[in-house]
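Good morning, and thank you for coming. Please look at the sequence and the structure as I bring them up, and keep both in view while I speak.

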Amino acid sequence: MHKEIIENIRSGKREALVNLYKQYRVDFIKWAIKNFYCSPQEAEDAYQDTTIAFYENIMKNKVQELSCSPKTYLFAIGKNILLSWAKKKSNQTADIEHIKDVEDDELIAFEKIALSEQQSNILAAIKALGEPCQTILKLYYYDRLSIRKIVEKLGYKSENVVKVQKNRCMKRLKSGIEETGLKEDLR
């Protein structure tokens, strides 16, 4: 998906850049105001400059493929732009260093929290299964409950019923993922 965004922008599909701009605009502005103590207008200006820099990096082939999410890449560009602006506005380098330290920590935390594209695709496929598959798969794979604990928690008649239901759910999940072309996300 990240590669597709880059290819679409590079091939001149304006809507790809517009969609990217709209998708992260509000989050970026809130983030910039909170972390760089700038006005909403300054944050908006910084986001526009960030989007332009992102576009230019793609068009100048500085970016072939993203190793992180587009949001993380945009925010990293934005961080550099905002730090540059802060340096111009102030001679107090200690304050700028504090902002830089806070921001680096926040970007690292954001990257850890953000779901990868593959995880998002698989999560969407699980949601499409509906109940009781969502609950059973969550309890078994995410919460790591035993079949016996799932029987007790959900009130099933026996462990065999839960095992059969879990297997059916997994078959439906795999089938749904294969149909939508997400098979490589399971690897």
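R144 counts as exposed, at 69% relative accessibility. The model in which we see this is a predicted one. R144 is located in the loop between α7 and α8, and its phi is positive, about 60°, although R144 is not a glycine.

A second residue invites the same kind of description. N61 is not a glycine either, yet has a positive phi of about 60°. Its place is the loop between α3 and α4. Is N61 buried, partly exposed or exposed? With a relative accessible area of 42%, N61 is partly exposed; the partly exposed class runs between 20% and 50%.

A glycine may be added here. G12, just after α1, takes a positive phi of about 90°.

Let me now step back to the whole chain. How many helices and how many strands does the chain have? There are 9 helices and 0 strands, so that the order of elements from the N terminus on reads α-α-α-α-α-α-α-α-α. The chain has 187 residues, of which 36% count as buried. Its accessible surface comes to about 12,100 Å², and carbon and sulfur atoms hold 52% of that surface. Among contacts in the chain with a separation of 6 or more, 64% are between residues 24 or more positions apart.

I turn to individual helices, beginning with α1, residues 2-10. Which residues of α1 are buried? They are H2, I5, I6, N8 and I9. Viewed down the axis of α1, these buried residues fall within an arc of 165°, so they line one face of the helix. A general point helps here. An α-helix has 3.6 residues a turn, so residues three or four places apart point the same way.

Helix α7, residues 133-142, can be read in the same manner. Its buried residues are C133, I136, L137 and L139. They too lie within an arc of 165° when seen down the axis of α7, and so line one face of that helix. Before α7 comes the loop that joins α6 (117-129) to α7, and P132 lies in this loop. The peptide bond from E131 to P132 is cis, with omega near 0°.

Next, the packing of helices. Two packed helices are described by the angle between their axes and the distance between the axes.

Consider α7 with α9, residues 159-179. Their axes come within 10 Å and cross at roughly 105°, which makes α7 roughly perpendicular to α9. On the α7 side, the residues that meet α9 are C133, I136, L137, Y140 and Y141. On the α9 side, they are Q165, K166, C169, M170, R172 and L173. Note that C133, I136 and L137 also belong to the buried residues of α7.

Helix α9 packs with α8, residues 147-154, as well. What is the angle between α8 and α9? It is about 100°, and the axes are 9 Å apart. α8 and α9 are therefore roughly perpendicular to each other. I147, R148, I150 and V151 of α8 make this contact with E159, V162, K163 and K166 of α9. K166 is thus listed in the contact with α8 and also among the residues of α9 that meet α7.

Now a pair from earlier in the chain: α2, residues 14-36, and α4, residues 70-89. The two axes come within 10 Å and cross at roughly 45°. α2 and α4 are therefore oblique to each other, and their crossing is right-handed. From α2, the contact involves L20, Y24, D27, F28, W31, A32 and F36. From α4, it involves P70, K71, L74, F75, G78, K79, L82 and L83.

I end with T51, found in helix α3, residues 40-59. Is T51 buried or exposed? Its relative accessible area is 7%, so T51 is buried, the cut-off being under 20%. Which residues does T51 touch, leaving aside those up to four places away in sequence? They are L17, Y21 and L74. L74 is also one of the α4 residues in the contact with α2. Finally, the C-alpha atoms of T51 and L20 are separated by 8.6 Å, although the two residues are 31 residues apart along the chain. Thank you for your attention.

Methods. Residues numbered from 1 in each chain as written. Predicted model: local features only at pLDDT ≥ 70, side-chain atom pairs only at ≥ 80, totals over all residues. Heavy atoms only, no water. Buried < 20%, exposed > 50% of the residue type's maximum accessible area, 1.4 Å probe, protein only. Helix = DSSP H or I, 4+ residues; strand = E, 2+ residues; numbered from the N terminus. Arc of directions from axis to C-beta. Contact = heavy atoms within 4.5 Å. Areas by Shrake-Rupley, 256 points an atom, 1.4 Å probe, with all protein chains shown as cover. Axes fitted to C-alpha atoms, helices over the stretch in contact; angles between N-to-C directions. Parallel < 35°, antiparallel > 145°, perpendicular 65-115°, else oblique. Left-handed = near helix turned anticlockwise from the far one by under 90°.
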